[in-house]
Amino acid sequence: MSVRVRRVYDPPEPDDGLRVLVDRLWPRGVSKEAARVDEWPKGLTPSTELRRWYHAGEGSYEEFARRYEAELAGPEAAELLDRVRESVREGQVTLLTSAKSPERSHTEVLVRLLEADQR
């Protein structure tokens, strides 16, 4: 598996490979130079509406994941996801997020979809 998740606030590591920011908003307090982001495909991130719904505590993580997967099936997001898939096939990809708990965020959905492609 050549994809992993790291917090954008952590310093870059030499083995990060392609660093892809998967948050819709730029993380607070991090300069573009310090983040060393190679790609920022905003269309691959959860919509503003979905993000606000989830952070308001209106639904479960499972429902959030289901809705996010539905968004990823849209044409723009599907194309961007395919680009990340291709990058994963070519080498290490690090998905960057500002989420405090990446394991309960949209990054887990992305990793699950990318891992399914590696099998």
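## Getting to know this predicted model

Q: How much space lies in the largest pocket?
A: This is a predicted model, and the pocket is described as it appears there. Rolling a probe the size of a water molecule over the atoms shows where empty space is left. For the largest pocket, that space comes to about 550 Å³.

Q: Which residues lie nearest the centre of the largest pocket?
A: The lining of this pocket counts 21 residues. By class, eight of them are nonpolar, six polar and seven charged. Those nearest the centre are Asp23, Arg51, His55, Ser98 and Ala99.

Q: Which element gives the largest share of the lining of the largest pocket?
A: The lining is made of 21 residues. Three of these come from one element, and that is the largest share. The element is α2.

Q: In what order do the three strands of the open sheet stand?
A: The pairing in this sheet is parallel. Its edge strands are β1 (3–7) and β2 (18–21), each of which pairs on one side only. From one strand to the next, the twist averages 30°. With β1 and β2 at the edges, the order reads β1-β3-β2.

Q: Which residue stands opposite leucine 21?
A: Strand β2 runs parallel to β3 (residues 93–97), and four bridges join the two. The partner of leucine 21 is in β3. It is leucine 96.

Q: Is arginine 36 buried, partly exposed or exposed?
A: Arginine 36 sits in the loop between α1 (32–35) and α2 (48–55). Its phi is near 50°, a positive value in a residue other than glycine. Buried means under 20% relative accessible area and exposed means over 50%. Arginine 36 has a relative accessibility of 47%, so it counts as partly exposed.

Q: How many salt bridges does the structure hold?
A: Side chains of opposite charge can pair when their charged atoms come close. One such pair is arginine 19 and aspartate 16, with 2.4 Å from N to O. Both arginine 19 and aspartate 16 are buried. The number of salt bridges in the structure is 13.

Q: Which residues are linked in a network of salt bridges?
A: Asp16 and Arg19, whose side chains meet in a salt bridge, both belong to this network. Its full list is Arg4, Arg6, Glu13, Asp15, Asp16 and Arg19.

Q: How many residues apart in sequence are the parts that arginine 112 and glutamate 69 tie together?
A: The side chains of arginine 112 and glutamate 69 meet in a salt bridge of 2.7 Å, N to O. Arginine 112 is partly exposed at 39% relative accessible area, and glutamate 69 is partly exposed at 30%. Arginine 112 lies in helix α5 (residues 106–118) and glutamate 69 in helix α3 (residues 61–72), so the pair ties together parts whose separation in sequence is 43 residues.

Q: Is arginine 85 buried or exposed?
A: Arginine 85 forms a salt bridge with aspartate 82, their closest N and O atoms being 2.7 Å apart. Both lie in helix α4 (residues 75–90), three residues apart, about one turn of the helix. Aspartate 82 has a relative accessible area of 42% and is partly exposed. Arginine 85 has a relative accessibility of 18%, so it counts as buried.

Terms used:
Residues are numbered from 1 along each chain as its sequence is written. This is a predicted model: local features need pLDDT of at least 70, side-chain atom pairs count only at pLDDT 80 or more; totals for chains, interfaces and linings use all residues. Side-chain values use heavy atoms; hydrogens and water are left out. Buried means under 20% relative accessible area, exposed over 50%, partly exposed in between (1.4 Å probe, protein chains only). Two strands pair if DSSP finds at least two bridges between them. Axes are lines fitted to C-alpha atoms, for helices over the stretch in contact, and angles run from 0 to 180 degrees between N-to-C directions. On a 1 Å grid over the protein atoms alone, a cavity is a set of points where a 1.4 Å probe fits but cannot get out, and a pocket is an open set with protein on both sides within 12 Å along at least five of seven lines; lining residues have an atom within 4 Å of a point. Grid points are joined across faces, edges and corners, and a volume is the space filled by probe spheres set on the points. Ala, Val, Leu, Ile, Met, Phe, Trp, Tyr, Cys and Pro count as nonpolar, Asp, Glu, Lys and Arg as charged, and the others, Gly among them, as polar. A salt bridge is a side-chain nitrogen of Lys or Arg within 4 Å of a carboxyl oxygen of Asp or Glu.
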